Amino acid sequence: AESEKELALLDGIYTVYKEWENSYNGWKGGLFRDLKVDEMEVAAVGYSKRVIKLGREIKHWGVWGYLKETIDAFKKTMPLIIDLRNPAMR
């Protein structure tokens, strides 16, 4: 039973990790002018909530800490991205 629970948690964190990587790589590889910053911000908050929810049981896992730090760092850059997208800044 404990192994099944850990496998489910592993699957959960891996799923969030892969989805985050796909989203981030899509944003990173696209044209700056085509970024939909509102959608990016909503997605980042959603990923963060999912990671925090998983963290109740797996905070001691290295991948959890890495993913949380990565998403938090991205969320901190969002105001800068929003400002740089402002036509007055060009």
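Arg-50 is partly exposed, with a relative accessible area of 33%. I begin with this residue in our predicted model and shall work outwards from there.

With which residue does Arg-50 form a salt bridge? The partner is Glu-19, and the closest N and O atoms of the pair are 2.6 Å apart. Glu-19 belongs to helix α1 and Arg-50 to helix α2, so that this pair links distant parts of the chain, 31 residues apart. Glu-19 is likewise partly exposed, at 30% relative accessibility. As a general point, side chains of opposite charge can pair when their charged atoms come close.

How many salt bridges does the structure hold? There are three. Let me turn to the pair Lys-5 and Glu-57, whose closest N and O atoms lie 2.9 Å apart. Lys-5 sits in helix α1, which covers residues 2–29, while Glu-57 sits in helix α2, which covers residues 37–58, so this salt bridge ties together parts that are 52 residues apart in sequence. Lys-5 has a relative accessible area of 42% and is partly exposed. Glu-57, at 41%, is partly exposed as well.

The salt bridge between Asp-72 and Lys-68 has its closest N and O atoms 2.8 Å apart. Here both residues lie in helix α3, residues 62–85, and because they are four residues apart, about one helical turn separates them. Asp-72 is partly exposed, with a relative accessible area of 21%, and Lys-68 is partly exposed too, at 27%.

I now move from single pairs to the packing of helices. The axes of α1 and α2 come within 11 Å and cross at roughly 160°. Are these two helices roughly parallel or roughly antiparallel? Angles over 145 degrees count as roughly antiparallel, and α1 and α2 are therefore roughly antiparallel to each other. Their crossing is left-handed.

Which residues meet in this contact? On the α1 side they include Lys-5, Leu-9, Ile-13, Val-16, Glu-19 and Trp-20. On the α2 side they include Met-40, Tyr-47, Arg-50, Leu-54 and Glu-57. Both salt-bridge pairs discussed earlier, Glu-19 with Arg-50 and Lys-5 with Glu-57, thus appear again among the residues of this contact. By class, the contact of α1 with α2 has 12 nonpolar, three polar and four charged residues.

Next, consider α1 and α3. These helices pack at an angle of about 30°, with their axes 11 Å apart. Angles under 35 degrees count as roughly parallel, and α1 and α3 are therefore roughly parallel to each other. The crossing of α1 and α3 is left-handed. From α1 the contact draws on Ile-13, Val-16, Tyr-17, Trp-20, Tyr-24 and Trp-27. From α3 it draws on Val-63, Trp-64, Tyr-66, Leu-67, Thr-70, Ile-71 and Phe-74. The contact of α1 with α3 has 12 nonpolar residues, one polar residue and no charged residues.

Finally, I should like to present Ile-81, which is in helix α3. Is Ile-81 buried or exposed? At 15% relative accessibility, Ile-81 counts as buried, because the cut-off for buried is under 20%. Leaving aside neighbours within four places in sequence, Ile-81 is in contact with Phe-32, Leu-35, Val-37 and Met-40. Met-40 was also named in the contact of α1 with α2. To return to where I began, Ile-81 and Arg-50 are 31 residues apart along the chain, and their C-alpha atoms are separated by 23 Å.

Definitions and conventions: Residues are numbered from 1 along each chain as its sequence is written. This is a predicted model: local features need pLDDT of at least 70, side-chain atom pairs count only at pLDDT 80 or more; totals for chains, interfaces and linings use all residues. Side-chain values use heavy atoms; hydrogens and water are left out. A salt bridge is a side-chain nitrogen of Lys or Arg within 4 Å of a carboxyl oxygen of Asp or Glu. Buried means under 20% relative accessible area, exposed over 50%, partly exposed in between (1.4 Å probe, protein chains only). Axes are lines fitted to C-alpha atoms, for helices over the stretch in contact, and angles run from 0 to 180 degrees between N-to-C directions. Angles under 35 degrees count as roughly parallel, over 145 as roughly antiparallel, 65 to 115 as roughly perpendicular and the rest as oblique. A crossing is left-handed if the near helix is turned anticlockwise from the far one by less than a right angle, and right-handed if clockwise. Contact means heavy atoms within 4.5 Å. Ala, Val, Leu, Ile, Met, Phe, Trp, Tyr, Cys and Pro count as nonpolar, Asp, Glu, Lys and Arg as charged, and the others, Gly among them, as polar.
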